[in-house]
Amino acid sequence: MSRTTLAIIAFFGAALVLYWQVQVKRSAMEATKLPDPARPEFIANDLRSTEFNEQGLVQSRVSAKHMEHFQQTNETLFTEPVYLVYPENGEAEWQLTADLGKLNKETGKVVLQNNVIIDAININEPVQSLTTSMLALDLNTMIMTSDRQIYVSGQDFNIQGLGLYADLNAEELELLSQVEGTYEAK
């Protein structure tokens with residue numbers, strides 16, 4: 001073999017080894033690269049979902065105009081969500097609507113924001129509607145809380161106050177401070 005042939009073989013051999021090393025490093029970097037947390041894992045439009053408890057009873061139903069789920073944080077963002085919540089007795093009693101919603105699947109907590117309206121499904125309920133700007137609902141305990149201004153309307157009364165604690169299973173509702181109201185006798 002001539003020197004030229006040996007030089008060409010050595011040159012191509014070195015190029016092949018260098019190319020192989022670059023590809024190994026690139027593969028290692030891509031394997032350790034985490035997905036972008038700002039990008040949702042999946043997106044849905046006109047979503048309808050039903051969640052069941054351990055006994056197989058419906059726990060909640062949600063529909064939304066738009067939904068984005070982020071796998072890394074296990075959070076789901078909703079646009080114009082409508083929640084139907086089913087306390088322990090298994091009957092839908094409340095419909096919650098808002099402009100925005102966020103569900104954390106690990107904690108089971110839903111946070112609703114902007115134009116939050118809670119309506120009673122049964123027209124015979126004493127409390128017919130609550131409105132606020134932000135509300136948190138724990139789907140595991142069915143406890144609603146808020147630190148914002150709350151407006152409550154019922155069959156013959158209107159009440160407003162600051163802060164809310166409501167246990168949907170126990171059917172208890174408490175405004176925490178600055179409570180004012182009017183009652184109209186019929």
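Charge is a good place to start with this predicted model: the protein carries 13 positive and 25 negative side chains. The centres of these two sets lie 20 Å apart.

The overall dimensions add to this picture. Along its principal axes, the C-alpha trace spans about 115 × 35 × 25 Å. The radius of gyration is 28 Å, whereas a compact globule of 186 residues would have one near 16 Å. Of those 186 residues, 31% count as buried. The accessible surface amounts to about 12,300 Å², and carbon and sulfur atoms make up 54% of that area. Among contacts with a separation of 6 or more, 36% link residues 24 or more positions apart.

Turning to secondary structure, the protein contains one helix and eleven strands. Reading from the N terminus, the helix comes at the start and the strands follow.

Several of these strands meet at β7, which covers residues 109-120. Strand β5 (residues 94-97) pairs with β7 in the antiparallel sense over four bridges, and here Trp94 stands opposite Ala120. Strand β6 (residues 100-104) is also antiparallel to β7, this time over five bridges, with Leu103 facing Val110 across the pair. A hairpin connects β6 and β7, with four residues between them; in its turn, Gly108 has a positive phi of about 75°.

On to the next strand along the chain: β7 pairs with β8 (residues 127-138) over nine bridges, again in the antiparallel sense. Within this pairing, Val116 of β7 stands opposite Thr132 of β8. These two strands form a hairpin as well, joined through six residues.

Notes. Residues numbered from 1 in each chain as written. Predicted model: local features only at pLDDT ≥ 70, side-chain atom pairs only at ≥ 80, totals over all residues. Heavy atoms only, no water. Rg over C-alpha atoms; globule rule 2.2 N^0.38 Å. Buried < 20%, exposed > 50% of the residue type's maximum accessible area, 1.4 Å probe, protein only. Contact = heavy atoms within 4.5 Å. Areas by Shrake-Rupley, 256 points an atom, 1.4 Å probe, with all protein chains shown as cover. Lys, Arg positive; Asp, Glu negative; His and termini not counted. Charge placed at Lys NZ, Arg CZ, Asp CG, Glu CD. Pairing = 2+ DSSP bridges.
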